[in-house]
Amino acid sequence: MEEKLKYERPVITKINAGMPDKFGMQAKMPVITEIDEIPVKKLIKQYGSPSFIISEKTIRKTFNEAKRAFTSRYPKVQFAWSYKTNYLNAICKIYHSEGSWAEVVSGFEYDKAVANGIPGNKIIFNGPDKSKEDLIKATENGSYIHIDHFDELYELLSVSEKLEKRPKVAIRVNMDTGVYPQWDRFGFNYENGEAWNALNRIMMSEKMDLVGLHTHIGTYMMTPAPYAVAASKLAELAVRIERKFNHKIKYIDMGGGFASKNTLKGAYLPGKDTCPTFDQYAEAISGALINSDLDPNEMPTLFLETGRALIDDAGYIVGSVLANKRLADGRRSMIIDTGVNTLFTSFWYEHEIYPAKEAGSHSEDTTIYGPLCMNIDIIRSAVKFPLLQKGDSYVIKRVGAYNMTQWMQFITLRPKIVLIDTKGETHIIRESETNESLTSHEKIPDYLK
Amino acid sequence: MVKEHKIKSLLNAILNSYSQIFFSENKFFAVLLFFVTFLDFWAGLYGLLSVLTANIIAFILGYDKITIKKGLYGFNALLVGLGTGIMFVPGFELTVVVIFAALLTLFITVALQGILAKYALPYLSIPFLFGIWAIILATKDFSSLGLSERGIYTYNELYALGGKNLVTLYDWFSNMPVLESVKIYFLSLGAIFFQNNILAGIITAIGLLYYSRIAFSLSVIGFWSAYLFYNLIGADFSALAYTFIGFNYILTSIAVGGYFVIPSERSYLWTVILLPVTVIVTASLGYIFAVWQISIYSLPFNIIVLLFIYVLKLRTEKNEKLTDVFIRQKTPEKSLYLYHTGKEELKNKNYFPINLPFIGSWAVMQAHNGKYTHKDRWKHAWDFIIKDENDKQYKDKGDYCKDYFCYEKPVIAPAAGVIAEITDGIPDNKIGDVNILQNWGNSVVIKHGEYLYSQVSHLKEGSIKVRKGDFVRKGDIIGRVGNSGHSPYPHLHFQMQITPYVGSETLDYPLYNFVIKKNNKTELFTFGKPEENDLVEPAKIDDILSNAFHFIPGKKLQIIKNGKETQQWEVEKDIWNQTFIIDNENNTKIYFYENDSGLFLTNYYGDKESEMFLFFTALYNVRKSFYKNTVTEGIIRPDLFFNKPVMIFQDFFAPFYIFLKSEYKLKYTEKDDDFMPDFIKAESQVSKIIFGKIKETLKFKITIYKSGKTEIKYFDKNSTAQTIAILPLKKHINLAKL
């Protein structure tokens, strides 16, 4: 039986032929009907609305693309999965199975990595918050401790006196790479000599092994050039350490910060057109290292802690439209069942949202709101969007990074996360929350019972 | 001390001058031969005098000590001395003549050595020929020298030597009902030392057998081949018994079949083929020389052997079945066994290391003799591309160059060299299009050595950052992969060649130190030629392994057996730049060579119960790259593992079939930490195989530590656990601690 033609309310729009806007002449919105060949409709039916969907195929494909970009340019490369970007155990294990180490920034993440079966000697411990217990644990497990500040260095020195094992350390270095704002709140500054101060103390103490140098120049870096500056500065530091102390650095950790293809708010052009590729980042970094004074026969290993660029593309949200509405100024608005509590990154990205089935060919400027009873719950403030009806499905692209770690339980409960494996099978990798999952942690004083 | 050393050297030189006649330096053989020459006392004495004279003069004039010690300057003089001594009546006059003859022979030896060295040919016994001919022709005028009748009246001599008993013994010997040809064989052998009696031949044969089974069997084969040919053409063979000529066939056979050529079926076949030729040459030369009334002595042997060696050297294609000996060993057997075990070594030493011209893992799209363009004169080339995990070489639809994974990837110098030729300025083709006019596209040719160039082609226009004449180090970036020239989609073309032009004819040359990954297995190549669809990447050199197995001359090693410090070893090298580890206390020695890819022990000398032999066995072939569970194999000389009786049996058949094998295997099993390891564990074993069946397997568990210490655990013959540790004695200066 032929499907009944869809009713579309008439819309009056100004004809604007001639000058294309920044998105060109395209008027018709593409649709995403399936993810990894599984119909969105089926996913929603099976797992509820909304749900996070993660494509394992995309994860592995993107990882290999990044790996290829670097390993075809630099002889020794090691990736470490940035836990904070997405620390769902299933996701971490996918990266570990591809050979990634773990990069953690707290005791909690550290324990998570250990529980995921990562041996201590494949964990990089970053961040400004490492407790004394954390430092002891990391030292004894042979993890790589990236010292962030002098107080941490002093604490580690005092800790190491009592331990049999010597801590394996690197220092995090911040520097001027020509970008604004300069990230100087983490690590020791390169230009003002703080980094040397820290290095001298470490080398003279003889209580720890200085094995690496670390930097993380920023986040969502839209140009690869600063990485070249940072890499050559670290290489220079490594060469000078060797000259001064006859000591070889085993690795240079360039951190992360590679942009994904999402579009930042306020950006003029879409991210997928402007953000550098892995090849461009790799070219900048490996080029700088190879052209440095480092001994070509004993090059340090290049560590990379990129998170966002590796997983963003693999994550989707599938959900349904709750209502349509005209605003006071005549603009159309649409309320969907994903809010900023779930899609945390919509605070800074103009997320791409698509209908999940063929919609009308007429788009209208639309504000897309989340379901929260909060004024700030806006997913897209203005987007050309075709009319969807209540109950119709949509797909939001590139939500793999940070959402599943930074999301909030607020007003609604957090939804399921579903993994589509490389064979096309689906697996729930995090159950949706229930009242019980929240109230189980609550306590009621006796007098209120 | 110095004097003692000199006397020892002279003694060596004299003894070796005797055995050198059979291309040997075997002392026992030498002593036997020495005794044989004294069967005719005066001949023996004049022989000795001649050897002494030649060697002493060689020492005084200051020729190469090692050559002297090997007897190479003495053996021709010895022959002249023997020949003269037997021919003339002993006396003061003869003594003087022999001394001058020795001097003359030595000079001819040295001069011929100089002349023939250019052609890499030996001088064999040509100096002897010139020497003896000069004396004989000259002595026609020397009236005070009387011709001797010895050698004709054998009984008189024997009586003088050993009384009636010896005469009886000799009689019994001579009248033994053996074949005539056997007698002539022994006579011919004896004739090498101008001894016309069977006893000399028998003793020489025993010595020859003791020295080398292959040489002995060749002497027999050579002799009877000639004998049969004589019979065939109806010549009188028994004449050989009186004319000191039969030995030509024996010596030719040993030289061609086993000394200058690796003994093999083919070398034996050639021996049989060449002997009739030798017979013909002998017969014809005999008539020519009869004019001057002199004997041709060993002239046929010299002509045929030199001719054959030279002819072999001029071959343009390698022939594994008939290979000339590259490094002369002490016996033909050793040459043969080392040839079989050391094929890999020879390769490694002959090839200049040419690494892969890229970083990371690439796929071979077209290999040697490819189906697209690698044909005929350009067949020895490779085309490389990058593939993803789904075997695709591009992303999206692959409509643009930039979609291809290999596009714009750095191309590096495969080895150090000088940029010889560059073409640039050819734009990238659209996908699917080819530029046939500028076939090679943008290319770089690097000169790595004389007649050794590498070429990379189809680079991206303007990406070549080197200039003609620039010196590049291994690994320097020279350009980027592009799609220029005859290239429908981006790929890297790589070839070796002997001329410096872009597009020269290709050279069949292997690549160095890489791995091929196939079905989760990693195979490690020191030198190899990847094939189509292979996934290749440069081998990663492991710090621990390359530190522990880096043996530079001067390095000292402390041996610790079961926790107790025992002897010390030292790494040394000789003037030929051959490196070896030596244990001066126990007089054991391991020859080895090493490169980035591994440490290869090539030969062992000394006691087989020693710790050094264990080291040799356990670490015969170690790689400097850690690939877990990847097995590397090797074959060790069988004579190091099988006992004498079996080996003697094997020696006879060795040119045709080696049924005794000692196979070596090593695999790395564990690394305590992938990134900063403290140790690496390995297992190695040597299987003793007889006729394809494993009779015994020696197993070793090896641990290599960051400090450079290597620990070998094994069970000895009594099944007791033993541990040997080898610890480098090297002082590290830590500037941080100063």
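**Reading strands, turns and backbone angles**

Mentor: Let us begin with B:Asp391, which is exposed, with 8 other C-beta atoms within 10 Å. Please bear in mind that this is a predicted model.

Trainee: Why does B:Asp391 count as exposed?

Mentor: A residue is called exposed if 12 or fewer other C-beta atoms lie within 10 Å of its own. B:Asp391 has 8 such neighbours, and therefore falls in that class.

Trainee: Where is B:Asp391 found, and what is the sign of its phi?

Mentor: B:Asp391 is in the loop that links strand E2 (381–385) with strand E3 (410–412) of chain B. Its phi is positive, about 70°, although the residue is not a glycine.

Trainee: How does B:Ser719 read by the same approach: buried or exposed?

Mentor: B:Ser719 counts as exposed, having 6 C-beta neighbours inside 10 Å. This serine also has a positive phi, near 60°, and is not a glycine. It lies in the loop between strand E23 (710–715) and strand E24 (721–729) of chain B.

Trainee: Why is strand E5 of chain B described as largely enclosed?

Mentor: The term buried requires 20 or more other C-beta atoms within 10 Å. In E5(B), residues 442–449, six of the eight residues are buried, so the strand is largely enclosed by the rest of the structure.

Trainee: In which sense does E5(B) pair with strand E4 of chain B, and with strand E6 of chain B?

Mentor: The pairing with E4(B), residues 417–423, is antiparallel and has five bridges; here B:Glu421 has B:Val445 as its bridge partner. The pairing with E6(B), residues 452–459, is likewise antiparallel, over six bridges, and B:Val444 stands opposite B:Val456.

Trainee: What joins E5(B) to E6(B)?

Mentor: The two strands form a hairpin with two residues between them. In that turn, B:Tyr451 has a positive phi of about 60°.

Trainee: Which strand order describes the open sheet in chain B?

Mentor: The order is E7-E4-E5-E6-E9-E2-E1-E12-E10-E11, ten strands with antiparallel pairing. Its edge strands are E7 (471–472) and E11 (521–528) of chain B, each of which pairs on one side only.

Trainee: Turning to chain A, is the peptide bond from A:Ser49 to A:Pro50 cis or trans?

Mentor: The bond is cis, as its omega near -10° shows. A:Pro50 sits in the loop between helix H1 (40–47) and strand E3 (51–55) of chain A. The bond from A:Tyr180 to A:Pro181 is also cis, with omega near -5°. A:Pro181 occupies the loop between strand E8 (168–174) and strand E9 (188–189) of chain A.

Conventions:
Residues numbered from 1 in each chain as written. Chains lettered and ligands numbered in written order. Predicted model: local features only at pLDDT ≥ 70, side-chain atom pairs only at ≥ 80, totals over all residues. Helix = DSSP H or I, 4+ residues; strand = E, 2+ residues; numbered from the N terminus. Pairing = 2+ DSSP bridges.
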